[in-house]
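Below are some questions about how the terms used for this structure follow from its geometry.

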Protein chains: 2
Amino acid sequence: MKRTAFFISDGTGITAETLGQSLLSQFENIEFRKLLRPYVDTVEKARDMVQQINAAAEADGQRPIIFETVVNRAIHDELAKSQGYIIDIFSTFLAPLEQELGAGSSYSVGKSHSIQHNSNYQDRIDAVHFAMDNDDGARTHHYKEADIILVGVSRCGKTPSCLYMALQYGIRAANYPLTDDDMERLQLPAALRPHKHKLFGLTIDPDRLASIRNERRPNSRYASFAQCEFEIREVENLFRRENIPHINSTHFSVEEISAKILVHMGIERRLK
Amino acid sequence: MKRTAFFISDGTGITAETLGQSLLSQFENIEFRKLLRPYVDTVEKARDMVQQINAAAEADGQRPIIFETVVNRAIHDELAKSQGYIIDIFSTFLAPLEQELGAGSSYSVGKSHSIQHNSNYQDRIDAVHFAMDNDDGARTHHYKEADIILVGVSRCGKTPSCLYMALQYGIRAANYPLTDDDMERLQLPAALRPHKHKLFGLTIDPDRLASIRNERRPNSRYASFAQCEFEIREVENLFRRENIPHINSTHFSVEEISAKILVHMGIERRLK
């Protein structure tokens with residue numbers, strides 16, 4: 001029997017979900033049914049939520065866990081009438097923080113989600129377009145504007161990592177595929193050489209790569225284990241020979257790869 | 001005088017940062033210097049952090065706020081020796097959650113960040129490639145596999161929204177630009193008609209659009225206020241005439257746009 005967990009917010013629900021997922025992942029022997037409920041921003045919507053929570057309580061035979069970041073107190077009070085076990089994330093921390101900071105918090109709807117509306121919002125959008133325009137070695141003449149250039153074999157995770165760094169951190173990340181030809185020559189492509197200090201390598205286990213490539217082009221030479229193993233061996237040799245920092249992406253998520261790259265390259269994210 | 005805030009984790013730091021940003025944004029009269037410190041995963045790195053925290057305390061003349069999701073207790077204990085005001089996010093919630101769930105939590109390093117390694121990880125990567133391949137109307141023959149198709153004028157925010165939905169939610173989002181030609185005809189493009197139930201419109205204030213387009217092509221007709229206003233008026237008329245749900249993206253972040261779309265379209269994110 002799964003236990004139900006709700007992530008409820010009068011905003012996007014990102015904070016409730018991020019924290020809730022982190023906490024629930026610590027209980028690996030319990031299976032959860034997870035439901036994201038953003039924009040519960042009226043008392044009427046809260047009443048509807050109460051019905052959903054109580055229905056889940058009845059169906060599960062145990063009360064659902066509610067991770068909640070509702071700023072509006074009337075909506076919060078309505079949710080509190082449900083049978084759920086409520087984890088009120090904001091109240092838990094805001095009272096002690098107010099004391100420490102010696103200031104009241106502005107407890108108004110949507111406030112908590114205004115962080116994206118400032119000057120670095122446009123930086124993020126520009127970074128996304130930069131990643132799109134400089135994906136897969138399509139262009140190399142903008143590399144002087146890049147914060148980082150990811151290199152590696154085809155389908156080792158370069159594109160999603162670049163896009164994540166752009167969206168999450170506003171970092172301008174290009175990527176360049178190391179293809180067959182480059183590997184025969186066993187040299188760094190000329191287009192990359194002037195930007196060597198910006199290069200970061202991704203590698204991956206050959207069987208994982210073969211499996212990913214097989215989804216794309218089943219039973220091709222491109223997807224064969226032998227070809228994947230060859231390409232990865234050559235690329236890893238190149239990374240070592242040229243002293244290019246690199247990580248193996250096989251067991252890491254896009255979030256983890258991106259955070260590791262930032263730490264390694266010493267890029268200080270501009271948090272505003 | 002700014003007050004320093006640290007987001008410290010032995011993992012990616014995403015949870016510490018997301019919650020910390022949400023909480024700090026409630027104090028709009030205090031300026032913070034925010035520092036993200038992921039992968040503090042040894043006692044030695046924790047000692048280095050203590051030095052950074054104490055240096056900030058001295059420079060600011062007040063103790064830094066530390067948002068901390070360190071699972072390893074030895075590392076946590078080291079950080080606790082600093083002069084920072086520590087908000088220990090995991091301990092705060094895990095003890096009551098253990099009681100409610102009647103189970104111990106697996107308090108091991110990195111555990112909290114393993115959520116991306118399950119079966120929906122590949123879904124997210126596939127969704128990113130789907131968004132890339134179906135960006136800007138480049139292809140329309142994959143629309144039957146799309147969860148959603150964003151439509152709107154050039155540079156109104158379609159591409160970043162699609163990529164965010166892919167990365168964050170694993171949703172297959174295509175986008176199709178409504179260009180000059182389509183507007184003259186005042187009809188829905190033929191390629192979109194069979195997928196009308198998947199369409200969602202983005203619109204934007206004309207002066208904001210003109211400003212964005214001017215960054216790209218300064219002083220062009222494309223970027224003129226008159227052209228932007230014309231395009232938006234025509235597109236909004238089309239949305240109304242064809243009953244296409246739509247929102248104005250001007251004052252919303254990519255996160256907010258995405259969450260609003262999901263709520264409106266009734267797409268249940270597959271959270272695992």
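**Sheet and helix packing in chain A**

Q: What makes strand S1 and strand S3 of chain A a pair?
A: Two strands pair if DSSP finds at least two bridges between them. Strand S1 (residues 3–9) and strand S3 (residues 65–69) of chain A are joined over 5 bridges in the parallel sense, so they count as a pair. Within this pairing, A:Ala5 stands opposite A:Ile65 in S3(A). Strands (E, at least two residues) and helices (H or I, at least four) are DSSP runs, numbered from the N terminus.

Q: How is the model obtained, and how are residues and chains labelled?
A: This is a predicted model, in which local features need pLDDT of at least 70 and side-chain atom pairs count only at pLDDT 80 or more, while totals for chains, interfaces and linings use all residues. Residues are numbered from 1 along each chain as its sequence is written, chains are lettered from A and ligands numbered from 1 in the order in which they are written, and side-chain values use heavy atoms, without hydrogens and water.

Q: Why do strands S2 and S4 of chain A stand at the edges?
A: The open sheet has 4 strands in the order S2-S1-S3-S4 (chain A), with parallel pairing. S2 (32–37) and S4 (85–88) each have a single partner strand, so one side of each lacks a neighbour in the sheet.

Q: Why is H6(A) called roughly perpendicular to H10(A)?
A: Helix H6 (residues 158–169) and helix H10 (residues 254–265) of chain A pack at about 75°. Angles of 65 to 115 degrees count as roughly perpendicular, so H6(A) is roughly perpendicular to H10(A).

Note on methods: Axes fitted to C-alpha atoms, helices over the stretch in contact; angles between N-to-C directions. Parallel < 35°, antiparallel > 145°, perpendicular 65-115°, else oblique.
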